[in-house]
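Please open the structure in your viewer and keep the selection tool at hand. The tour below proceeds one selection at a time.

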Amino acid sequence: MKEIGPNIGLLQYPLNLFGMKMGRNGTLFRFTSGKLAIHSTAPFSESDLKATHEVGDPTWLIEATNMHDTFSRRGVATLPAL
């Protein structure tokens, strides 16, 4: 995970779309309560989940558009408490 600002982290993944290498970003926002909002879920690995839980308590999954819902079901399955 790459820290891009105070309480904001970035998880980067490969994503090929229509034969193009686009890339995929998942952004973590940590609130003062320690809860996390995850914008744009991604194919989280076990190490990603461990790092995420070390940063805070994943509480919300946010998908802004239909283009961002590629991994929504997998994210919900990976974080079933949400």
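**First stop: an aromatic residue**

Select Trp-60, which is partly exposed, with a relative accessible area of 40%; buried means under 20% relative accessible area, exposed over 50%, and partly exposed in between, for a 1.4 Å probe and protein chains only. The model is predicted, so local features need pLDDT of at least 70 and side-chain atom pairs count only at pLDDT 80 or more, whereas totals for chains, interfaces and linings use all residues. Residues are numbered from 1 along each chain as its sequence is written, and side-chain values use heavy atoms, leaving out hydrogens and water.

**The aromatic pair**

Add Phe-31 to the selection; this residue is partly exposed at 43% relative accessibility. Phe-31 and Trp-60 form an edge-to-face aromatic pair, 5.6 Å centre to centre with 75 degrees between the planes. Rings of Phe, Tyr and Trp (its six-membered ring) pair if their centres lie within 6.5 Å; planes under 30 degrees apart count as stacked, over 60 as edge-to-face and the rest as tilted. Phe-31 lies in the loop between S5 and strand S6 (35-39) and Trp-60 in strand S7 (residues 57-62), so the pair ties together parts that are 29 residues apart in sequence. Helices (H or I, at least four residues) and strands (E, at least two) are DSSP runs, numbered from the N terminus.

**The surface patch**

Next, select Phe-29 and Ile-62 as well. With Phe-31 and Trp-60, they make a nonpolar surface patch of about 370 Å². Patch residues have over 30% relative accessible area and no salt bridge (a side-chain nitrogen of Lys or Arg within 4 Å of a carboxyl oxygen of Asp or Glu); like charges are joined within 9 Å, and nonpolar side chains (Val, Leu, Ile, Met, Phe, Trp, Tyr) within 5 Å. Areas come from the Shrake-Rupley method with a 1.4 Å probe; for residues, only the protein chains shown count as cover.

**Along strand S5**

Phe-29 lies in strand S5 (residues 24-30) and is partly exposed at 34%. Now select Thr-27: is this residue of strand S5 buried or exposed? At 14% relative accessibility, Thr-27 counts as buried. Beyond four places in sequence, its contacts (heavy atoms within 4.5 Å) include Ile-8, Ala-37 and His-39.

**The core**

Finally, select Leu-11, Tyr-13, Leu-28, Ile-38, Ala-42, Phe-44, Leu-49 and Leu-79, the eight residues of the largest nonpolar core. Such a core is a set of buried Ala, Val, Leu, Ile, Met, Phe, Trp, Tyr and Cys residues joined through side-chain atoms within 4.5 Å. Not counting residues up to four places away in sequence, Leu-49 touches Phe-44, Thr-78 and Leu-79.
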